[in-house]
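Let's take a walk through a protein chain together. Have the sequence and the 3D view open, and follow along as we go.

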Amino acid sequence: VCVGQCALLEVGHCTGITDVSALGGVHTLNLFGCTGITDVSALGTVHTLNLYGCTGITDVSALGAVYTLNLGRCTGITDVSALGAVHTLDLSDCPKITDVSAL
C-alpha cells in the first residue's frame, strides 16, 4: 500500500475516513464525499485535491499552495481568503462563502 506517497489515490465516498494526516505526500488526491473529514491541514502540499462534498470541513486556510482544488458542496466553509494562489478553484454550491475578493 502506498498511502502517503502515491501519485494518485482515490477514496471517494468513504464516510468512515476521518484522519487524512498521512496523505500530504500524495500528488493527486480524491476524497470526494468523505463527510467524516474535518481537518485538512496536512494536505497543503497535495498538487490536485478533490474535496467535493466533504461537508465536515470548515477550515481550508492550509490549502493555499494546492494547485487545483475542488471544494464544491463543502457546505461548512465560510472563509476562502487564504486560497488566492490556487490556480484552479471550484467553489460551486458553497452557500456560506460570501466574500471572494481575496481570490
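What follows is a short tour from the overall layout down to single residues.

## The big picture

First things first: this is a predicted model. Its secondary structure is easy to list, with 5 strands and 0 helices. Following the sequence from start to end, you get the pattern β-β-β-β-β. The radius of gyration is 12 Å, close to the 13 Å that the globule rule gives for 103 residues, so the chain is as compact as a globular protein of that length.

How far does the C-alpha trace of the chain span along its principal axes? The answer is about 40 × 25 × 15 Å. Now take contacts between residues at least 6 apart in sequence: 0% of them join residues at least 24 apart.

## Inside and outside

Of the 103 residues in the chain, 40% are buried. The chain exposes about 5,200 Å², and carbon and sulfur atoms supply 53% of that area.

In soluble globular proteins, nonpolar side chains tend to be buried together. Here, the largest nonpolar core has 29 residues. Leucines stand at the top of its contact list: those with the most contacts inside the core are Leu 29, Leu 31, Leu 43, Leu 49, Leu 51, Leu 63 and Leu 69. Pick out Leu 31 in your view. Setting aside neighbours within four places in sequence, Leu 31 touches a good list of residues, including Val 11, Val 20, Leu 23, Ile 37, Leu 43 and Cys 54.

## Asn 30

Next door in the numbering is Asn 30, which you'll find in strand 2 (residues 28–30). Is Asn 30 buried or exposed? Its relative accessibility is 13%, so Asn 30 counts as buried, the cut-off for buried being under 20%.

Who does Asn 30 meet beyond its neighbours within four places in sequence? Its contacts are Leu 8, Leu 9, Glu 10, Val 11, Gly 12 and Asn 50.

## A salt bridge

How many salt bridges does the count come to? Just 1 salt bridge turns up. The partners are the side chains of Asp 93 and Arg 73, at 3.2 Å from N to O. Asp 93 sits in the segment after strand 5 (88–90), while Arg 73 is in the loop between strand 4 (68–70) and strand 5, so the pair ties together parts that are 20 residues apart in sequence.

Both partners can be seen from outside to some degree. Asp 93 is partly exposed at 48% relative accessibility, and Arg 73 is partly exposed too, with a relative accessible area of 44%.

## Backbone oddities

Most residues other than glycine have a negative phi. Asp 93 goes the other way: its phi is near 60°, a positive value in a residue that is not glycine.

His 13 also has a positive phi, about 60°, although it is not a glycine. You can find His 13 in the loop between strand 1 (8–10) and strand 2. With 59% relative accessibility, His 13 counts as exposed.

## One last stop: Gly 36

Gly 36 lies in the loop between strand 2 and strand 3 (48–50). Apart from neighbours within four places in sequence, Gly 36 is in contact with Thr 15, Ile 17 and Thr 18.

Try drawing a line from Gly 36 to Val 80. These two are 44 residues apart in sequence, and their C-alpha atoms are 21 Å apart in space.

Methods:
Residues are numbered from 1 along each chain as its sequence is written. This is a predicted model: local features need pLDDT of at least 70, side-chain atom pairs count only at pLDDT 80 or more; totals for chains, interfaces and linings use all residues. Side-chain values use heavy atoms; hydrogens and water are left out. Helices (H or I, at least four residues) and strands (E, at least two) are DSSP runs, numbered from the N terminus. The radius of gyration is taken over C-alpha atoms; the globule rule is 2.2 Å times the number of residues to the power 0.38. Buried means under 20% relative accessible area, exposed over 50%, partly exposed in between (1.4 Å probe, protein chains only). Contact means heavy atoms within 4.5 Å. Accessible areas come from the Shrake-Rupley method with a 1.4 Å probe; for residues, only the protein chains shown count as cover. A nonpolar core is a set of buried Ala, Val, Leu, Ile, Met, Phe, Trp, Tyr and Cys residues joined through side-chain atoms within 4.5 Å. A salt bridge is a side-chain nitrogen of Lys or Arg within 4 Å of a carboxyl oxygen of Asp or Glu.
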